[in-house]
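Subject: Handover of a structure for your review

Dear colleague,

Please find the structure below, together with its sequence. I would be grateful if you could read the notes that follow with the coordinates open beside you.

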Amino acid sequence: MWIPMLSLTALPHLGIFGGFITRKEVMTWYTTLNKPAWRPPNAAFPIVWTTLYTGMGYGSYLVWKELGGFTQDSLVPLGLYGMQLALNWAWTPIFFGAHNIKLAMIEIVMLTGTVAATMVSWYPISRTATLLMVPYLAWLCLATSLNYCIWRDNPDPKKDD
């Protein structure tokens, strides 16, 4: 049982590849944006995401284990989990890669909703797994607020016709 536990716990960490995009843009484009004073320091993000990815990954393992692996019963709870993971990984290339703050805002709202739906689907299966998602949902609420403020305070430049 070690291989599934380690694999499912490690899976979300593939999102670290988005860090390659972020690293360059945090020092260039991101510095030019108007950001709220309450935003977390840049140094907090890798620590927070490592912790959140580990928690959600282990939670997915608990659900997988409780439902006997990838079964018919796991389709919705693990499908929602997979969908939120894909949305999670997509946000960085949209925001930092494409510099599309508005689309990133729409995307993070969808992500947050999908995480909430995942938690609702997990609750009857494993309360522990659901609780492991609580810090993630809280962070996403903060990140959504931050994305909104950046979008609001950095209007798209007017395009010449």
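The notes below set out what was found, beginning with the core and ending with the charged pair.

Please bear in mind throughout that this is a predicted model.

**The nonpolar core**

The largest nonpolar core comprises 39 residues, and the members that touch the most others within it are Tyr30, Phe95 and Tyr136. Two or more residues of this core come from each of H1, helix H3 (44-66), helix H4 (75-97), helix H5 (101-122) and helix H6 (127-153). As general background, nonpolar side chains in soluble globular proteins tend to be buried together.

Tyr136 merits a closer look. With residues up to four places away in sequence set aside, Tyr136 touches Trp49, Leu52, Met56, Gln84, Asn88, Leu111 and Val115. The residue before it in the numbering, Pro135, is found in helix H6. Pro135 is partly exposed, at a relative accessible area of 44%. Between the C-alpha atoms of Pro135 and Met105, which stand 30 residues apart along the chain, the separation is 20 Å.

**Two buried positions in the helices**

Leu85 has its place in helix H4. Its relative accessible area is 4%, so Leu85 counts as buried, the limit for that class being under 20%. Neighbours within four places in sequence aside, Leu85 is in contact with Leu11, Pro12 and Met56. Thr31, by contrast, lies 27 Å from Leu85 in space, C-alpha to C-alpha, with the two positions 54 residues apart in sequence numbering.

Thr112 belongs to helix H5. Thr112 is likewise classed as buried, with 15% relative accessibility. Beyond residues up to four places away in sequence, Thr112 touches Leu137, Leu140 and Thr144. The C-alpha atoms of Thr112 and Tyr148 are 13 Å apart in space, and these residues are 36 apart in sequence.

**A nonpolar patch on the surface**

Which residues make the nonpolar surface patch of about 600 Å²? They are Leu11, Leu14, Ile16, Phe17, Phe20 and Trp89.

Two members of this patch can be described in more detail. Ile16 sits in the loop between helix H1 (2-10) and helix H2 (18-27). Its relative accessible area is 56%, and Ile16 is therefore exposed. Trp89 lies in helix H4 and, at 30% relative accessibility, counts as partly exposed. Although Trp89 and Ile16 are 73 residues apart along the chain, their C-alpha atoms are separated by 8.7 Å. Apart from neighbours within four places in sequence, the contacts of Trp89 are Leu11, Pro12, Leu14, Gly15 and Tyr53. Leu11 and Pro12 thus appear among the contacts of Trp89 and also among those of Leu85.

**A backbone feature in a loop**

His99 is not a glycine, yet it has a positive phi of about 55 degrees. His99 is found in the loop between H4 and H5. With a relative accessible area of 33%, His99 is partly exposed.

**Cysteines**

How many disulfides does the structure hold? The number is 0. Cys141 is in no disulfide, since the nearest cysteine sulfur, that of Cys149, is 14 Å away, while a disulfide requires sulfur atoms within 2.5 Å. Cys149 is likewise in no disulfide, its nearest cysteine sulfur being that of Cys141, 14 Å away. The surroundings of these two residues may be of interest to you at the bench. Cys141 counts as partly exposed, at 42% relative accessibility, whereas Cys149 is buried, with a relative accessible area of 9%.

**The salt bridge**

The structure holds 1 salt bridge. It joins Asp153 to Arg152, and the closest N and O atoms of the pair are 2.8 Å apart. In general, side chains of opposite charge can pair when their charged atoms come close. Both partners are partly exposed: Asp153 has a relative accessible area of 28%, and Arg152 has 46% relative accessibility.

With kind regards

Note on methods. Residues numbered from 1 in each chain as written. Predicted model: local features only at pLDDT ≥ 70, side-chain atom pairs only at ≥ 80, totals over all residues. Heavy atoms only, no water. Patch = residues over 30% accessible without salt bridge, like charges linked within 9 Å, V, L, I, M, F, W, Y side chains within 5 Å. Areas by Shrake-Rupley, 256 points an atom, 1.4 Å probe, with all protein chains shown as cover. Salt bridge = Lys/Arg side-chain N within 4 Å of Asp/Glu carboxyl O. Helix = DSSP H or I, 4+ residues; strand = E, 2+ residues; numbered from the N terminus. Buried < 20%, exposed > 50% of the residue type's maximum accessible area, 1.4 Å probe, protein only. Core = buried A, V, L, I, M, F, W, Y, C linked by side-chain atoms within 4.5 Å. Contact = heavy atoms within 4.5 Å.
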